[in-house]
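Reader: Could you walk me through one lysine and the two parts of the chain around it?

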Amino acid sequence: MDFLDRYREIVPDWEAFRAVQSRPLISTARINTLKIGRDVLLERLAEQGLDCRPFQWYPLGLKLDVDSPGKLLETLLGFIHIQEELSMVPPLLLDPQPGERILDLCASPGSKTTQISAMMENRGLVIANEPSLARVSALRSNCERLGAMNVAITRYDGRNFPRGLFHRVLVDAPCSAEGRERRGAGVIARGSCQRSLDLQALQIGLLKSALRLTVPGGVVVYSTCTYSPEENEMVVQAALDAVESSGGHLEKVKTPGLRECPGLEEWKATIFSPQMRFAARYYPHINDTGGFFVAKIVKS
Amino acid sequence: MSPRSSRARNVFEPLEREAVAEIWNSRFAIPESVFSGYNFFRKARSIWAISDSQLPGLSYEAIGMRIMNCKDRPWKPTTCALQVFGPYAEKNTMHLQAASARLFMEGKTQEVDAVTAEQCESGYVVVFYRGDVLGCGLYSHGKLVSQIPKERRLPGKEGEDIS
């Protein structure tokens with residue numbers, strides 16, 4: 001028995017879910033189109049005889065079965081960026097366009113920030129917010145290595161980000177990270193319902209702030225790498241219900257090539273809005289990835 | 001820490017694009033048009049570049065990329081900036097072969113022959129390998145000192161090809 005057992009009733013194929021936790025994940029990387037074309041990069045890796053396979057669902061994602069992928073010349077020169085497979089989903093849902101103004105509210109270490117920048121072809125502006133000075137250095141270093149030229153970094157508490165209207169806002173929230181168990185055992189052991197509830201207050205504050213900062217009709221994407229409904233559906237519901245965020249509706253999350261499970265419509269004694277099924281839960285045994293949650297909100 | 005207390009340190013002053021382009025042009029013969037899509041700022045002794053767009057009134061920790069350091073003379077370009085602007089350089093460029101490129105990426109100092117250093121005056125140079133910019137090197141009297149930041153270096157392995 002451990003903390004995960006409380007998810008027994010919501011996770012499909014429970015035994016397979018438990019079994020996969022002890023299988024480590026293969027490294028994954030994203031091709032950085034700000035610096036190199038996909039074909040040239042694949043040719044370079046093939047030339048070196050490296051074991052790399054593009055994802056089925058995203059042509060710029062690669063499974064990279066090598067030791068220390070962070071020390072490849074291609075990584076050091078910023079041609080690729082080591083990034084979790086499902087961490088590439090939220091920017092795709094955000095769908096930033098060249099020339100727009102985007103806010104990444106919890107940006108460090110910048111994997112999604114730089115993916116957004118690449119999708120915008122370095123045009124427009126990405127504000128990458130990260131309150132922790134210690135974490136800003138990783139964010140800056142990744143932006144510079146990857147040649148992201150349209151990113152400016154701020155250090156506000158995301159709940160009180162002062163001003164600005166954005167076309168799209170990403171809230172990749174601090175979370176209990178239960179979905180990262182395959183990266184390093186022990187994450188689950190630290191989990192508890194109380195920890196999730198402590199994080200929930202912060203997460204709701206961040207998502208409400210994001211909705212406040214988005215233009216009407218603009219997009220907010222909320223993501224975590226955890227299973228806890230307290231940090232996922234309950235957060236989305238609370239932020240949508242808050243008067244000051246002036247509402248919004250969920251748009252269905254569908255990524256061709258990946259298998260999503262719908263967001264929950266109820267958890268314990270709480271009933272969520274029926275549109276919560278449009279959010280997506282990713283379980284590690286279904287796509288052979290980590291665990292993830294993502295919701296796409298269109299602001300009213 | 002609140003943004004208010006960091007504001008005092010973060011004074012980014014706008015710079016004229018032409019002034020920055022002229023400095024780069026004089027050392028590396030990079031056409032001024034290469035810089036046309038960017039805005040430039042100075043903070044303390046560093047110069048920063050960001051894609052051209054309207055910046056909202058916020059307190060910034062970083063504005064785009066730090067492209068050069070004016071603390072010492074001569075001014076020093078950052079490796080990441082050379083990877084963006086260096087491909088357009090027409091002088092003070094150096095093209096390395098596999099073994100010397102590896103040493104360079106390990107952060108080592110090495111001797112370079114006259115043919116390799118043909119286009120180079122003493123000072124900072126753009127170092128290439130197979131058409132890609134590796135980064136910034138300091139060249140003088142037949143020696144090339146790698147300026148690759150520590151966290152971007154290859155781990156040292158003797159006699160191995162980097163391709």
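Author: Let's start with K91(B), which sits in the loop between α3 (79–85) and β7 (93–95) of chain B. Helices (H or I, at least four residues) and strands (E, at least two) are DSSP runs numbered from the N terminus. This is a predicted model, where local features need pLDDT of at least 70, side-chain atom pairs count only at pLDDT 80 or more, and totals for chains, interfaces and linings use all residues. Residues are numbered from 1 along each chain as its sequence is written, with chains lettered from A and ligands numbered from 1 in the order in which they are written.

Reader: Is K91(B) buried, exposed or partly exposed?

Author: Buried takes 20 or more other C-beta atoms within 10 Å, exposed 12 or fewer, and partly exposed is in between, with C-beta atoms placed from the backbone. K91(B) has 14 such neighbours within 10 Å, so the label is partly exposed.

Reader: Which residues does K91(B) touch, leaving out those up to four places away in sequence?

Author: Contact means C-beta atoms, placed from the backbone, within 7 Å. By that rule, K91(B) touches F28(B), A29(B) and Q119(B).

Reader: Which element gives the most to the side of domain 1 of chain B that touches domain 2 of chain B?

Author: An automatic or database domain assignment sets the bounds, and chain B splits into domain 1 (3–87) and domain 2 (92–152). Across the divide, 11 residues of domain 1 of chain B contact 11 of domain 2 of chain B. On the domain 1 side, α2 (17–28), β6 (76–77) and α3 of chain B each supply at least two residues. With 3 residues, the top contributor there is α3(B).

Notes:
Two residues are in contact if their C-beta atoms, placed from the backbone, lie within 7 Å.
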